[in-house]
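Let's take a friendly walk through this model together. Please have the sequence and the 3D view at hand as we go.

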Amino acid sequence: MKVNKSSKLASMRERFLLPDGVVYMNGNSLGPLSRDVRDRVNAVVASEWGEQLIRGWNSAGWYELPGRLGDKIGQLIGAKPGETTVCDSTSVNLFKAVSAAAGLRPDR
């Protein structure tokens, strides 16, 4: 399929890693890899993880990330700051809670 290079969105194509001549329209995947994302992931792996090791949880802000992302999602759904968090699925969180509770009372 020929790509229309005169389209207003044609310049956006350069932001993604796509083979020439490919029009990628799969809605059931992560989509094409963004060059910005690739660069950010490389930076996180090399610096925040590779150099900072466990300190990255604090110095890179990983520890606060569920709340920061939750606040951004909260703006979309009408929640106040601090009311939304990003975490595992409900099933995984229920398992964690029940496991922790069972560990508090191993005699039961």
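## Salt bridges, a helix and its surroundings

With a relative accessibility of 11%, E48 counts as buried, because buried means under 20%. Keep in mind as you look around that this is a predicted model.

What does the side chain of E48 meet in a salt bridge? The partner is R40, and the N to O distance is 3.0 Å. R40 itself has a relative accessibility of 46% and therefore counts as partly exposed. So this bridge joins a buried residue, E48, to a partly exposed one, R40.

The count of salt bridges comes to five, and two others are worth a visit here. One of them links the side chains of R38 and D39, with 3.3 Å from N to O. R38 is partly exposed, at a relative accessible area of 32%, and D39 is partly exposed as well, at 40%. The other is between R105 and D107, whose side chains meet at 3.8 Å, again N to O. Here R105 is partly exposed with 43% relative accessibility, while D107, at 65%, counts as exposed.

From charges we can turn to rings. How many aromatic pairs does the count come to? The answer is one, and the pair is made by W57 and W62. Their arrangement is edge-to-face: the ring centres lie 5.6 Å apart and the planes make an angle of 85°. The edge-to-face label follows because planes over 60 degrees apart are given that name. W57 has a relative accessible area of 46%, so this residue is partly exposed.

Next, find helix α3, which covers residues 65-77. Does its length suit a helix, and what should its span be? The 13 residues of α3, at 1.5 Å a residue, should span 18 Å, and the end C-alpha atoms are indeed 18 Å apart, so expectation and model agree. Just after α3 comes G78, which has a positive phi near 85°.

Stay with α3 for a moment and pick out I73, which is part of this helix. I73 is partly exposed, since its relative accessibility is 37%. I73 also belongs to a nonpolar surface patch, together with L65, L69, L76, I77 and V86. Taken together, the residues of this patch have about 530 Å² of accessible area.

Where does the chain go beyond this helix? Look for T84, which lies in the loop between α3 and α4, the latter spanning 90-104. Is T84 buried or exposed? At 16% relative accessibility, T84 counts as buried, because the cut-off for buried is under 20%. Leaving aside residues up to four places away in sequence, T84 touches P66, G67, G70, D71, I73, G74, I77 and A79. Among these contacts are I73 and I77, both of which you have just seen in the nonpolar patch.

Our last stop is helix α4, where you will find L94. L94 has a relative accessibility of 54% and so counts as exposed. For a sense of distance across the model, compare its position with F16: L94 and F16 are 78 residues apart in sequence, and their C-alpha atoms are 38 Å apart in space.

Methods. Residues are numbered from 1 along each chain as its sequence is written. This is a predicted model: local features need pLDDT of at least 70, side-chain atom pairs count only at pLDDT 80 or more; totals for chains, interfaces and linings use all residues. Side-chain values use heavy atoms; hydrogens and water are left out. Patches are made of residues with over 30% relative accessible area and no salt bridge: like charges are joined within 9 Å, nonpolar side chains (Val, Leu, Ile, Met, Phe, Trp, Tyr) within 5 Å. Accessible areas come from the Shrake-Rupley method with a 1.4 Å probe; for residues, only the protein chains shown count as cover. A salt bridge is a side-chain nitrogen of Lys or Arg within 4 Å of a carboxyl oxygen of Asp or Glu. Helices (H or I, at least four residues) and strands (E, at least two) are DSSP runs, numbered from the N terminus. Buried means under 20% relative accessible area, exposed over 50%, partly exposed in between (1.4 Å probe, protein chains only). The expected span of a helix is 1.5 Å times one less than its number of residues. Contact means heavy atoms within 4.5 Å. Rings of Phe, Tyr and Trp (its six-membered ring) pair if their centres lie within 6.5 Å; planes under 30 degrees apart count as stacked, over 60 as edge-to-face and the rest as tilted.
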